[in-house]
Amino acid sequence: MLYLVRMDVRLPADMPPAQAAEIKSREKAYSQSLQRDGRWPHLWRVAGEYANYSVFDVEGHDELHELLSSLPLFPYMDIDVTPLARHPSAIA
Ligand SMILES: O=C(O)CC1=CCC(=O)O1
């Protein structure tokens, strides 16, 4: 199943920069492993915001929840999930 996911990152203003950098580094490594194995085919920055739109290609709700809740930034993100179904007019 495909899911469109918006993630808004809200790190606490008082988080020490070294801690923020360490979490972001782990987030990058984890997201790139999922991109490489094909489960995170799109990752786009929302221009002008600390947010992204992503597309996940996973078995279903349970796998998506497992992946999202394992993100190092998960405790610091607002996440909005939209399940995608095929559009009848789509040619691809
Ligand atoms: O920077 C973000 O939008 C949060 C994030 C998701 C994957 C990643 O590497 O950073």
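**Close-up views of the predicted model and its ligand shell**

By class, the residues that form the shell around the ligand comprise four nonpolar, two polar and two charged residues. The structure shown in these views is a predicted model.

**View 1. The shell around the ligand draws on a helix, a strand and other parts of the chain.** The residues that surround the ligand are Met7, Val9, Glu27, Lys28, Ser31, Leu43, Asn52 and Leu73. Two elements, strand E1 (2-9) and helix H1 (17-36), each provide at least two residues of this shell. Of the contributing elements, H1 gives the most, with three residues. Several of the shell residues return in the views below, where their places in the helix, the sheet and a loop are described one by one.

**View 2. The whole protein, for orientation.** The protein is built from two helices and four strands, and along the sequence these elements follow the pattern β-α-β-β-α-β. The C-alpha trace spans about 50 × 25 × 20 Å along its principal axes, and buried residues make up 7% of the 92 residues in the protein. An unreviewed UniProt entry carries the annotation "domain: Muconolactone isomerase" for residues 1-89. Within the model, the end C-alpha atoms of residues 1-89 lie 18 Å apart, and this span is 33% helix and 30% strand.

**View 3. The four strands form an open sheet.** The strands of the sheet are arranged in the order E2-E3-E1-E4, with antiparallel pairing. Strand E2 (42-45) and strand E4 (77-84) are the edge strands, each of which pairs on one side only. On average, and with direction ignored, neighbouring strands of this sheet are turned by 15° against each other. E1 pairs in the antiparallel sense with strand E3 (residues 51-57) over seven bridges, and E1 also pairs with E4 in the antiparallel sense, over eight bridges.

**View 4. Pairing between E1 and E3 brings two shell residues opposite each other.** Met7 has Asn52 in E3 as its bridge partner, and both Met7 and Asn52 are among the residues that surround the ligand. Elsewhere in the pairing with E3, Val5 stands opposite Ser54.

**View 5. The hairpin of E2 and E3.** E2 and E3 pair in the antiparallel sense over four bridges, and one of the facing pairs joins Trp44 to its bridge partner Tyr53 in E3. Five residues lie between the two strands of this hairpin, and Gly48 there takes a positive phi near 80°.

**View 6. Val9 and Met77 across E1 and E4.** Met77 has its place in strand E4, and Val9, which belongs to the shell around the ligand, stands opposite Met77. Although Met77 and Val9 are 68 residues apart along the chain, their C-alpha atoms are separated by 4.5 Å. Met77 counts as buried because it has 20 C-beta neighbours inside 10 Å, and a residue is buried if 20 or more such atoms lie within that distance.

**View 7. Helix H1 and its surroundings.** The 20 residues of H1 should span 28 Å at 1.5 Å a residue, and the end C-alpha atoms of the helix are 28 Å apart, which agrees with that expectation. Of these 20 residues the number buried is zero, so H1 lies largely in the open. Ser31 lies in H1 and takes part in the shell around the ligand; with 18 C-beta neighbours inside 10 Å, Ser31 counts as partly exposed. Ser31 and Leu71 are 40 residues apart along the chain, while their C-alpha atoms are separated by 7.9 Å. H1 is followed by Gly38, whose phi is positive, near 90°.

**View 8. Leu73, a shell residue in a loop.** Leu73, one of the residues that surround the ligand, lies in the loop between helix H2 (61-69) and E4. Leu73 is partly exposed, with 19 other C-beta atoms within 10 Å, whereas a residue needs 20 or more to be buried. From C-alpha to C-alpha, Leu73 and Lys24 are 7.2 Å apart in space, with 49 residues of separation in sequence.

Definitions and conventions:
Residues numbered from 1 in each chain as written. Predicted model: local features only at pLDDT ≥ 70, side-chain atom pairs only at ≥ 80, totals over all residues. Near = placed C-beta within 6 Å. Nonpolar A, V, L, I, M, F, W, Y, C, P; charged D, E, K, R; others polar. UniProt positions renumbered as here; feature names shortened; annotations may be inferred. Pairing = 2+ DSSP bridges. Axes fitted to C-alpha atoms, helices over the stretch in contact; angles between N-to-C directions. Expected span 1.5 Å × (residues − 1). Buried ≥ 20, exposed ≤ 12 C-beta atoms within 10 Å, placed from the backbone.
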